[in-house]
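Reader: Please take a close look at a single part of this model, a loop residue and its exposure, and then place that residue among the neighbouring elements of the chain.

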Amino acid sequence: MNITPCPGCGAPAEITERFTLASTDGPVAHVALSCPGGHHFRMAADQFPVAAARRLRATLMPGRLPHTFPVCIHCLVNPAGFWVSGTGSSVVRRPWCLSCCQELDRERCDMAPFGG
């Protein structure tokens, strides 16, 4: 468990997740924080206190980037593998897992596998 000051209130906050996001300058390390005061943050690792950023970099294996997998927005448990959007809708596609996709009405939703 890694603890760092909460950016919102200064209370001890737990780093609950580490992930990377692509950018035009290459992958950027991010963290998710939660504190007992009810604050939840997702931010680039370099946006929180320097000591916490050093601990984060020390925990990552040098030369290897952490792997991230999007989680299904429906069940919030399973790794997603499909993009789902409403048929003929201008709404952005959302990541869903296979189990949740099986419950979809195929006439109302468009479903495409990642990378497809």
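Author: Leu76 counts as exposed because its relative accessibility is 63%, where exposed means over 50% relative accessible area, buried under 20% and partly exposed in between, with a 1.4 Å probe and protein chains only. This is a predicted model, in which local features need pLDDT of at least 70, side-chain atom pairs count only at pLDDT 80 or more, and totals for chains, interfaces and linings use all residues. Residues are numbered from 1 along each chain as its sequence is written, and side-chain values use heavy atoms, with hydrogens and water left out.

Although Leu76 is not a glycine, it has a positive phi of about 60 degrees. Leu76 belongs to the loop between helix H1 (50–59) and strand S5 (82–86); helices (H or I, at least four residues) and strands (E, at least two) are DSSP runs, numbered from the N terminus.

Strand S5, which follows this loop, takes part in an open sheet of three strands with the order S6-S5-S7 and antiparallel pairing. Two strands pair if DSSP finds at least two bridges between them. The edge strands, each pairing on one side only, are strand S6 (94–96) and strand S7 (109–113). From one strand to the next the twist averages 35 degrees, with axes fitted as lines to C-alpha atoms and angles running from 0 to 180 degrees between N-to-C directions. S5 and S7 run antiparallel and are joined by five bridges. Opposite Ser85 stands Asp110 in S7.
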